[in-house]
Amino acid sequence: MFRRTRIVPTLLVAVLPSLIASAQQILTPAQAKSKKILLVIGEPEKGETNDDGLVKKYFENQGYVVTMAKEDDPATKATGQDLVVLSSTADPREIGDKYADVPVPVFTWNAVDYPDMKMTGPERHVDFETIDSAQDYARSFSMLYGYFPNATDPIVKEFGGKTQLFGTGYLLPQNFGWGKPSAGADIIVNTEGDATHAGVFTYEKGVTMYGGFVAPARRVGFYIQDSTFHYLTEVHGLAEKDPDLADWWAGMKLFDASIRWALSQPVAPGPYDPAATKAALAKAAKGKKALFVRRLNTPEGEESDDHIVEHLKEVGFIVKEVDQTQPQAEADGEDFILISATNSKYKTTNKYRDAKIPLMCLEGLMADTLKMAGRRRYVDYGEHGEAKESEDPPEAYLEIVNSNHPMAAGLKNGYVKFIKEADVLKWATPPPSATIIATLPNSTHERAIFGFEKGAAMADEFVAPARRSMFPVDNPAFDDLTEAGHALFDAAVLWTISPPTK
């Protein structure tokens, strides 16, 4: 039933339908042919075997042009190549950081070299790990199964993967590696039941990696090790017609899609232009009906909320204001929900979580009720700088970690002054399916701006009924936003109301 021959996956083009960014796609197998790959390998010890030769042959059978390199060759061998592939057989101490700053995509399963590649932190067993099936037999069983946390990710969408477990390798426990990437990464597969143990993860060009390092091109970390490529799962025969079996045996489809994603051209971010961002929002918002949920008839944040309403109307929304205590039926017939930070979670309850229209929340303390994060206050969500409730001082800056995303409004990676005076900023730590745009400085687990695509698995396996986003404007802070802060607000609203990817 299960054979080691190649099956060509159906192409699903991944689109980013934003008025700020153009379409993104993954190369088809035909388009990827003749792409040049530099395969960097090590010398096997006497009596040892590995899959490097099999990988080379496989690439060539797909039409790639493969050049071999040794672990101690200079990084200049990457010049003119379309992709660098780092095998785990190459000595990570010899490789070091020589390929970290090459402006060529890198695909690697050399987990011990992740820190030098700036893909993870430096601590073994904390930031990355390699599991040996002989030394840790019980844990090595876990690599027979992986989990796709986000079926809306372009790589997973490419072959029709679902948010669920799948079979990574065949039958016997195998060696594998995982890494814990930075906030700007996308986790494609996690392992061992730990959302942060990424078996497969990616960095888009321009994303902040570890230590403030900005990715010079796409980067992919993959879970296989020296002799496990030939165990990647694939399905044929009668099993192909069974959807559960076809979805389960997806290891090779994942490998192929990840390689072609790395080879594909990323979407260039638009320039930082607040006026253009606002104009794009006005074009998208014109005539749309927005429900603004707030505290009515209370002085807390009232003036700031009024100004949010004025801004929404200015860009073309037809705004209906409702009190936090009113029923969810108020959202019927609306196109967009915006939840103010003045709301009380106790009084707003679980309303709007199930609404099948885009939603943006300004109140980080509601992250759990909206399934944007777990339920542990000040672990999964919190208030940075809140007196008597936070060990952190008030903050005025955010750190952009994903400048390539439309919600970044064209801002470069790094610190950006968000509000004019340091104050409370809300945050949450969402599951891996969220796309992170900005974190709080020196607190990378405190994610300030992030979004979920329609269909993404949110906290507790809740599936996003439409786009969802979180934005950290505390009660009076809208009036204190800097120019960059206003641009980020407009970009977040624009992304949230734009059509989801197909």
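A residue counts as buried when its relative accessible area is under 20%. With that cut-off, begin the tour of this predicted model at tryptophan 249.

**Stop 1: tryptophan 249**

Select tryptophan 249, which sits in the loop between H6 and H7. Is tryptophan 249 buried or exposed? Its relative accessibility is 13%, so tryptophan 249 counts as buried. Now add aspartate 323 to the selection. The two residues are 74 positions apart in sequence, and their C-alpha atoms are 49 Å apart in space.

**Stop 2: the whole chain**

Clear the selection and show the whole chain as a cartoon. How many helices and strands are there? The chain has 11 helices and 22 strands. Its radius of gyration is 23 Å, close to the 23 Å given by the globule rule for 502 residues, so the chain is as compact as a globular protein of that length. Along the principal axes, the C-alpha atoms fill a box of roughly 80 × 45 × 40 Å.

Turn on the surface. The accessible surface comes to about 20000 Å², and carbon and sulfur atoms hold 52% of it. Of the 502 residues, 59% are buried. Among contacts with a separation of 6 or more, 65% are between residues 24 or more positions apart.

Colour the charged residues next. There are 53 positive and 70 negative charges, and the mean positions of the two sets are 6 Å apart.

**Stop 3: the aromatic rings**

Show the side chains of phenylalanine, tyrosine and tryptophan. A pair of aromatic rings is described by the distance of the centres and the angle of the planes. In this chain the count comes to 23 aromatic pairs.

Select tryptophan 109 and phenylalanine 255. Their ring centres are 6.5 Å apart and their planes meet at 55°, so this pair is tilted. Tryptophan 109 is in the loop between strand E4 (106–108) and strand E5 (128–131), while phenylalanine 255 belongs to helix H7 (residues 251–263). The pair links distant parts of the chain, 146 residues apart. Both tryptophan 109 and phenylalanine 255 are buried.

Keep phenylalanine 255 and replace tryptophan 109 with phenylalanine 229. What kind of pair do phenylalanine 229 and phenylalanine 255 form? The ring centres are 5.1 Å apart and the planes are at 65°, so the pair is edge-to-face. The cut-off for that label is an angle over 60 degrees. Phenylalanine 229 lies in the loop between strand E11 (219–221) and helix H6 (243–248), 26 residues away from phenylalanine 255 in helix H7. Phenylalanine 229 has 2% relative accessibility and so counts as buried. For phenylalanine 255 the value is 1%, so this residue is buried.

Now widen the selection to Tyr58, Phe59, Tyr64, Phe107, Trp109, Phe222, Tyr223, Phe229 and Phe255. Ring pairs link these residues into a cluster.

**Stop 4: lysine 118**

Stay with the loop between E4 and E5, where lysine 118 is found. Its phi is near 65°, a positive value in a residue other than glycine. Lysine 118 has 28% relative accessibility, so it counts as partly exposed.

**Stop 5: the loop between E20 and E21**

Go to the loop between strand E20 (435–440) and strand E21 (443–452), and select asparagine 442 there. What is phi of asparagine 442 near? The value is near 65°, again positive in a residue other than glycine. At 72% relative accessibility, asparagine 442 counts as exposed.

Proline 441 lies in this loop between E20 and E21 too. At 9% relative accessibility, proline 441 counts as buried. Leaving aside residues up to four places away in sequence, proline 441 touches Glu395, Tyr397, Leu398, Glu399 and Tyr415. For a distance to draw, pick the C-alpha atoms of proline 441 and glutamate 334: they are separated by 36 Å, with their positions 107 residues apart along the chain.

**Stop 6: lysine 36**

Finish in strand E1 (residues 36–41), which contains lysine 36. Lysine 36 has 36% relative accessibility and so counts as partly exposed. Which residues does lysine 36 touch, not counting those up to four places away in sequence? They are Val65, Gly80, Gln81, Asp82 and Leu83. Add glycine 63 for a last distance. Lysine 36 and glycine 63 are 27 residues apart in sequence, and 9.5 Å apart in space from C-alpha to C-alpha.

Technical notes: Residues are numbered from 1 along each chain as its sequence is written. Side-chain values use heavy atoms; hydrogens and water are left out. Helices (H or I, at least four residues) and strands (E, at least two) are DSSP runs, numbered from the N terminus. The radius of gyration is taken over C-alpha atoms; the globule rule is 2.2 Å times the number of residues to the power 0.38. Buried means under 20% relative accessible area, exposed over 50%, partly exposed in between (1.4 Å probe, protein chains only). Contact means heavy atoms within 4.5 Å. Accessible areas come from the Shrake-Rupley method with a 1.4 Å probe; for residues, only the protein chains shown count as cover. Lys and Arg count as positive and Asp and Glu as negative; His and the chain ends are not counted. The place of a charge is taken as NZ of Lys, CZ of Arg, CG of Asp or CD of Glu. Rings of Phe, Tyr and Trp (its six-membered ring) pair if their centres lie within 6.5 Å; planes under 30 degrees apart count as stacked, over 60 as edge-to-face and the rest as tilted.
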